[in-house]
Structures are given as structure tokens and as C-alpha cells.
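This report describes a molecular structure for a reader who is new to such descriptions. Please look at the sequence and the model before reading on.

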Amino acid sequence: RRGDRRSAQLAELSLALEEVPAPLLAEQPLLAECLRVWLAVSNAKISIPFREPVQEKHAPNYFEVIKTPMDLSTVRARLVRGELRTPPEFLRDMLLICKNAIHYNRRGSDLEELAKELRAMIRAEMEPVMDSWRRQQAAVRKEAAAAAAAAAAAVAASASAAAPCAVAEEQREVEQEEEEQEEREEKRAKGTKRGREGEGVERRLQQLQKEKQEEQQQQQQPVQQRKKVARRGGGGGSGAGTSGTHTPTPTPTPPAPRTSARAAAVRQRRAQS
């Protein structure tokens with residue numbers, strides 16, 4: 001009989017596993033163990049009151065007291081749909097069935113006692129599954145830490161290898177900046193020198209232009225004086241014609257002849273005789 005029962009359980013488990021999506025089982029193989037626990041609990045006699053959802057006609061004001069109802073059929077449906085993806089999530093929903101029954105039913109009632117027995121059974125069945133889950137997670141964390149350490153080491157090695165290149169590149173940038181600064185200063189100095197030379201040439205040109213103007217003024221002065229004298233002479237003749245009077249032009253007095261001292265002495269002796 002035990003063999004037959006065991007075979008029946010395995011066949012039932014096999015059929016139940018076919019309902020679970022293969023990718024979900026591949027991602028988390030322990031879900032198969034969760035489904036095995038579900039079958040074991042569902043086949044127990046103490047689970048009969050908890051296999052289907054509670055109906056309010058059998059439990060007045062149940063949904064006012066219980067805000068998150070749960071039962072075994074709902075847990076299996078959530079597991080098959082992929083809504084429960086880890087053993088801790090499955091254990092949470094299974095224990096919620098017991099928690100709701102203990103909370104709603106009065107203390108010491110048959111349903112409360114059945115709920116406590118069911119809770120103990122679920123914890124016992126899930127203990128090896130949760131141990132496997134903890135080891136699995138420890139291995140995952142260890143692998144992730146190793147990967148992170150390897151990545152950090154690779155980054156450090158890359159940084160150390162790139163450090164000399166970075167230093168050399170920085171040195172080249174500094175040298176290039178110094179060269180550019182020298183070129184700017186040299187251009188600035190050349191510009192200043194050309195500016196000074198241009199100012200000197202300009203001053204020289206102004207000086208030459210000034211000298212030329214002064215020379216032209218000196219050359220034009222006698223001509224202007226002659227023109228002025230001529231204008232004066234012409235002005236007297238025109239004035240006589242207009243007034244009807246004639247002003248005689250004075251005859252210049254010839255200069256007295258120069259006599260020597262000897263001639264003067266002769267004239268003086270003659271006068272005495």
C-alpha cells in the first residue's frame with residue numbers, strides 16, 4: 001500500500017509539474033520541490049477545510065476581517081502562472097492560509113487547531129527546501145562577489161596600464177601649452193615692435209611735410225610782396241582817372257656826386273685868391 005501511495009504521489013507530481021512553465025522551472029529548480037510540498041499538504045486530511053476559497057455564507061463577515069484571503073487551490077494557481085517564483089514566496093502564501101484561519105476563528109476552536117497543525121506540517125516540509133534555497137543564494141552571492149572582484153581587478157589593471165600613457169599625454173599637453181604661450185608672446189612682441197616702427201615713420205613723414213610747407217611759404221612770400229606793390233601802383237592811376245585830378249609823380253632827386261677831399265681843397269684855395 002505504501003508503494004502504491006508513493007507511486008500515486010509521484011504520478012500526481014509529474015502531472016502537476018507539466019502545468020508549470022518549463023522556463024520557470026529552469027530558472028528556479030526548487031519550485032519543483034515547492035510543488036511536491038504542496039501535493040503533500042493538500043493530500044493531508046487536516047488540509048480539507050483549506051483546499052478551496054472560503055465562502056461568506058459559511059463564514060459571516062469573513063472578508064471584512066480577512067483582507068488577503070488565501071487557500072491551497074489559489075496557491076497552486078499562482079505557482080503555475082509563475083506569480084510565485086521563489087521558495088520564500090511560496091512559503092509566505094502557504095503560511096498565510098494558516099494565519100487567516102487562526103485570526104478569524106475563535107481561540108480553541110477546531111479550525112484554529114487544524115490551522116496550527118497545518119502550519120507545523122508546512123514548516124516541516126519546507127525546511128529542507130529553504131535550506132537548499134539558502135545554500136543556493138549563498139553560492140549566487142559568492143559568484144557575484146567573485147565576478148565583481150574580477151571586474152575590479154581588471155579595471156585596476158587597465159588603470160595601472162593606462163597610467164603611464166596618461167602621464168605622458170599630460171606632459172605632452174603641458175609642453176604644447178607652453179609652446180603656444182611662447183608663440184603668443186612672440187607674436188605680441190612683434191606686433192608691439194611694428195607698432196613702434198610705424199609710429200616713428202609717421203612722425204618722420206609729418207616732420208617732412210611740415211618742412212615742405214614751411215619751404216613753400218618762404219618761396220611764396222617775395223612773390224606776394226611783388227604782387228602787393230603792383231596792386232598799389234595800379235591803384236594810383238585808376239584813382240586819378242576817377243577823380244579828374246592829376247597828382248604829379250615826384251621826380252627822384254639824383255644822388256649828389258661824390259667828391260674827393262683833394263678836389264674840395266682846390267676849390268677852397270681858389271676862393272681865397
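## Charges and core

E178 is partly exposed, with a relative accessible area of 46%; the term covers values between buried (under 20%) and exposed (over 50%), found with a 1.4 Å probe and protein chains only. The model is predicted, so local features need pLDDT of at least 70 and side-chain atom pairs count only at pLDDT 80 or more, while totals for chains, interfaces and linings use all residues. Residues are numbered from 1 along each chain as its sequence is written, and side-chain values use heavy atoms, leaving out hydrogens and water.

E178 is located in helix α7, which spans residues 110-243; helices are DSSP runs (H or I, at least four residues) numbered from the N terminus. On the surface, E178 joins E175, E179, E180, E182, E183 and E185 in a patch of negative charge. Members of such a patch have over 30% relative accessible area and no salt bridge, and like charges are joined within 9 Å.

Side chains of opposite charge can pair when their charged atoms come close. The structure contains eleven salt bridges, each being a side-chain nitrogen of Lys or Arg within 4 Å of a carboxyl oxygen of Asp or Glu. Three of them are listed below.

| Salt bridge | N to O distance |
|---|---|
| E125 and R36 | 3.6 Å |
| R78 and D93 | 2.8 Å |
| E177 and R184 | 3.6 Å |

For the pair of E125 and R36, the partners lie in helix α7 and helix α3 respectively, so the bridge ties together parts that are 89 residues apart in sequence. E125 is partly exposed at 24% relative accessible area, and R36 is partly exposed at 28%.

The salt bridge of R78 and D93 connects helix α5 with helix α6, and therefore parts that are 15 residues apart in sequence. D93 is buried, with a relative accessible area of 3%. Both R78 and D93 belong to a network of salt bridges that also includes R81, E83 and R92.

In the third listed pair, E177 is partly exposed at 43% and R184 is partly exposed at 36%.

The largest nonpolar core has 32 residues, among which W38, V41, V75, F90, M94, I122 and M126 touch the most other members. A nonpolar core is a set of buried Ala, Val, Leu, Ile, Met, Phe, Trp, Tyr and Cys residues joined through side-chain atoms within 4.5 Å. Helices α2 (22-27), α3 (30-43), α5 (72-81), α6 (87-104) and α7 each give two or more residues to this core. The largest share, eight residues, comes from α3.

Definitions and conventions:
Patch = residues over 30% accessible without salt bridge, like charges linked within 9 Å, V, L, I, M, F, W, Y side chains within 5 Å. Areas by Shrake-Rupley, 256 points an atom, 1.4 Å probe, with all protein chains shown as cover. Lys, Arg positive; Asp, Glu negative; His and termini not counted. Charge placed at Lys NZ, Arg CZ, Asp CG, Glu CD.
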